[in-house]
Amino acid sequence: MGLPYVPIVGLVGSDLMHKRDDVKVVPDPFHPEVKTAVVRSLRPDVALLHGLRADRAGNVDMGCWTDDVLLAEASRRVIVTVEEVVDHIDEDTAQGTFLPSILVNAVALAPFGAHPEHFPGRYPDDEAHLQRYVEHARDDAAFAVYLRETVYDVPDHDTYVQRHVPRSWQEEGYRRAAGG
Amino acid sequence: MKDKLTTLEAAAAMVRDGDQIILSGDSGGSPSPMAAIRRLVHDGRKGLRLVGVVGATVNADLPIGAGAVASIDTCSVGMSPFARTGPNFARHCEAGRIKALDNT
């Protein structure tokens with residue numbers, strides 16, 4: 001939206017502005033006796049998003065209804081990974097929120113790219129994997145083991161999918177890709 | 001037409017150490033970009049400043065656990081029903097290893 005800052009109702013009197021340098025209390029320009037909290041606009045360097053389908057021009061069908069267009073508009077660089085790359089995406093054929101190519105800097109293919117989390121309507125949370133994740137995440141040494149298995153010793157995303165995405169999901173994905 | 005299709009590796013290389021990164025996932029209704037996040041961690045990105053919309057999940061807890069994150073601006077790092085709060089987030093916060101900014 002290009003706004004330099006946004007007034008927020010209800011924060012005046014909170015300790016938040018003593019802890020954050022992006023929240024300030026200023027006089028309301030129309031009623032100077034009234035104090036208003038304002039927050040600096042967010043201008044992220046990067047929006048990192050995962051969607052359903054993209055074409056080579058960078059048009060994206062997020063595949064579900066999301067607020068991600070706002071994130072893309074606010075950010076300097078927008079990177080979108082997708083489950084599938086297709087010939088053409090436009091607003092009429094998108095199944096979910098449409099992200100036009102003008103907002104997108106790069107798209108990359110990453111099937112099962114949300115794993116171990118879910119993709120709405122496509123695959124669920126990988127509950128066994130997430131259970132293992134939280135067990136490992138409770139201390140540094142155990143999490144180092146998890147990271148070695150799922151990140152550091154994995155050369156690329158295809159290898160990750162082969163090793164960590166449930167086999168039955170992968171077979172379903174192949175059937176879907178083949179139109180079955 | 002500009003061809004914007006690239007590899008996951010090349011896309012991840014567009015992220016620099018210290019960047020502020022806003023993530024899909026959680027309350028935004030969309031899936032988390034986990035493959036890209038794993039690539040950033042694999043490539044050794046450091047000092048990332050994450051923003052969760054509105055909350056965050058494993059999408060923040062994993063890079064925090066890998067030591068790739070300097071700060072996170074979010075209302076929560078939830079992992080229901082597997083954990084009440086992201087375990088790495090909680091541990092790194094309590095140890096003062098990341099700065100947590102509450103945007104509730």
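This section describes the domain layout, strand pairing and chain contact of a predicted model.

Chain A is divided into three segments: domain 1 spans residues 5-40, domain 2 covers 43-110, and domain 3 runs from 119 to 180. Taken over C-alpha atoms, the centres of domain 1 and domain 3 of chain A are separated by 44 Å.

Within chain A, strand 3 (residues 35-40) pairs with strand 1 (residues 5-8) in the antiparallel sense, over four bridges. In this pairing, A:P7 stands opposite A:V38 of strand 3. Strand 3 of chain A also pairs with strand 2 (residues 23-27) of chain A, again in the antiparallel sense, here over five bridges. The bridge partner of A:V25 is A:A37 in strand 3 of chain A.

The contact between the chains takes 52 residues from chain A and 42 residues from chain B. On the side of chain A that touches chain B, the elements that give two or more residues are strand 4 (46-54), strand 6 (77-85) and strand 8 (106-109), together with helix 2 (68-74), helix 3 (127-136), helix 4 (140-152) and helix 5 (157-164). By residue class, this side of chain A divides into 31 nonpolar, 13 polar and eight charged residues.

Strand pairing also occurs between the chains. Strand 8 of chain A is joined by two bridges to strand 1 (residues 5-6) of chain B, and these strands run parallel. Here A:A108 stands opposite B:T6 in strand 1 of chain B. Strand 8 of chain A is thus both a strand paired with chain B and one of the elements that give two or more residues to the contact.

Technical notes
Residues are numbered from 1 along each chain as its sequence is written. Chains are lettered from A and ligands numbered from 1 in the order in which they are written. This is a predicted model: local features need pLDDT of at least 70, side-chain atom pairs count only at pLDDT 80 or more; totals for chains, interfaces and linings use all residues. Domain bounds come from an automatic or database domain assignment. Two residues are in contact if their C-beta atoms, placed from the backbone, lie within 7 Å. Ala, Val, Leu, Ile, Met, Phe, Trp, Tyr, Cys and Pro count as nonpolar, Asp, Glu, Lys and Arg as charged, and the others, Gly among them, as polar. Two strands pair if DSSP finds at least two bridges between them.
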